[in-house]
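I have opened a fresh page for a chain I had not looked at before. My notes follow the order in which I looked things up.

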Amino acid sequence: TQLDNFADDVTMRRLGNGAKFYGKRKSSFYGEDDKLRKADPNVANEDEDWRGPTGGSLYVLSKERDEQGRPLGFLTRKQAREQKQKEEEEKWRAERSAQELLADFSQSITDEGK
């Protein structure tokens, strides 16, 4: 099993400093006192194992579309969040403007009635 553990470490890039990024090593290639070695290589442990990226894709399709409905580009997650925030602010700005217009109209109607 030591050979299997070593093969796992090699294929999963855990040798050298790779254990800091890809989870602790299973094999005792660096000795029994290796700090980056799993306590028990046969037991899954969330703190010692690498789970991979959890955020999904790095890019989001843009909302701009061509005449056939295909997206025109890609946005990073940060750009997509910023775009969504701007759209939300614009929506609320338009809502406030409509409310102010309605209030002004209501006020002018009330003033005319006097």
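**Elements.** I took helices (H or I, at least four residues) and strands (E, at least two) as DSSP runs, numbered from the N terminus. With that, I found three helices and two strands in the chain. Reading from the N terminus, I wrote their order down as α-α-β-β-α.

**Ground rules.** I am working from a predicted model, where local features need pLDDT of at least 70, side-chain atom pairs count only at pLDDT 80 or more, and totals for chains, interfaces and linings use all residues. Residues are numbered from 1 along each chain as its sequence is written, and side-chain values use heavy atoms, with hydrogens and water left out.

**Overall form.** How far does the C-alpha trace span along its principal axes? I noted about 95 × 40 × 20 Å. I then looked up the radius of gyration, which is taken over C-alpha atoms, and the globule rule, which is 2.2 Å times the number of residues to the power 0.38. The radius is 29 Å, well over the 13 Å that the rule gives for 114 residues, so the chain is more spread out than a compact globule.

**Contacts and cover.** Contact here means heavy atoms within 4.5 Å. Of the contacts between residues at least 6 apart in sequence, 12% join residues at least 24 apart. For cover, I call a residue buried under 20% relative accessible area, exposed over 50%, and partly exposed in between (1.4 Å probe, protein chains only). Buried residues make up 16% of the 114 residues.

**Salt bridges.** I counted a salt bridge where a side-chain nitrogen of Lys or Arg is within 4 Å of a carboxyl oxygen of Asp or Glu. That rule gives nine salt bridges, and I followed up three pairs.

- Lys 26 and Asp 8 meet at 3.3 Å, N to O. Lys 26 sits in the loop between helix 2 (18-22) and strand 1 (59-61), and Asp 8 in helix 1 (residues 2-11), so I noted a link between distant parts of the chain, 18 residues apart. Asp 8 is partly exposed at 28%.
- Lys 38 pairs with Asp 49, their closest N and O atoms being 2.8 Å apart. Both are in the loop between helix 2 and strand 1, 11 residues apart. Buried or exposed, what is Lys 38? I read it as buried, at 4%, whereas Asp 49 is partly exposed at 25%.
- Glu 87 pairs with Lys 63 at 3.0 Å between the closest N and O atoms. Glu 87 lies in helix 3 (residues 77-112) and Lys 63 in the loop between strand 1 and strand 2 (74-76), so the pair ties together parts 24 residues apart in sequence. Glu 87 is partly exposed at 34%, and Lys 63 is exposed at 56%.

**A look at Ser 27.** Ser 27 lies in the loop between helix 2 and strand 1 and counts as buried, at 1% relative accessibility. Which residues does Ser 27 contact, leaving aside its neighbours within four places in sequence? I listed Gln 2, Asn 5, Phe 6, Asp 9 and Arg 37. A polar contact is a pair of N or O atoms within 3.5 Å; within protein, one must be able to donate a hydrogen and the other to accept it, and residues adjacent in sequence count only if both atoms are side-chain atoms. One such contact, of 2.6 Å, joins the side chains of Ser 27 and Asp 9.
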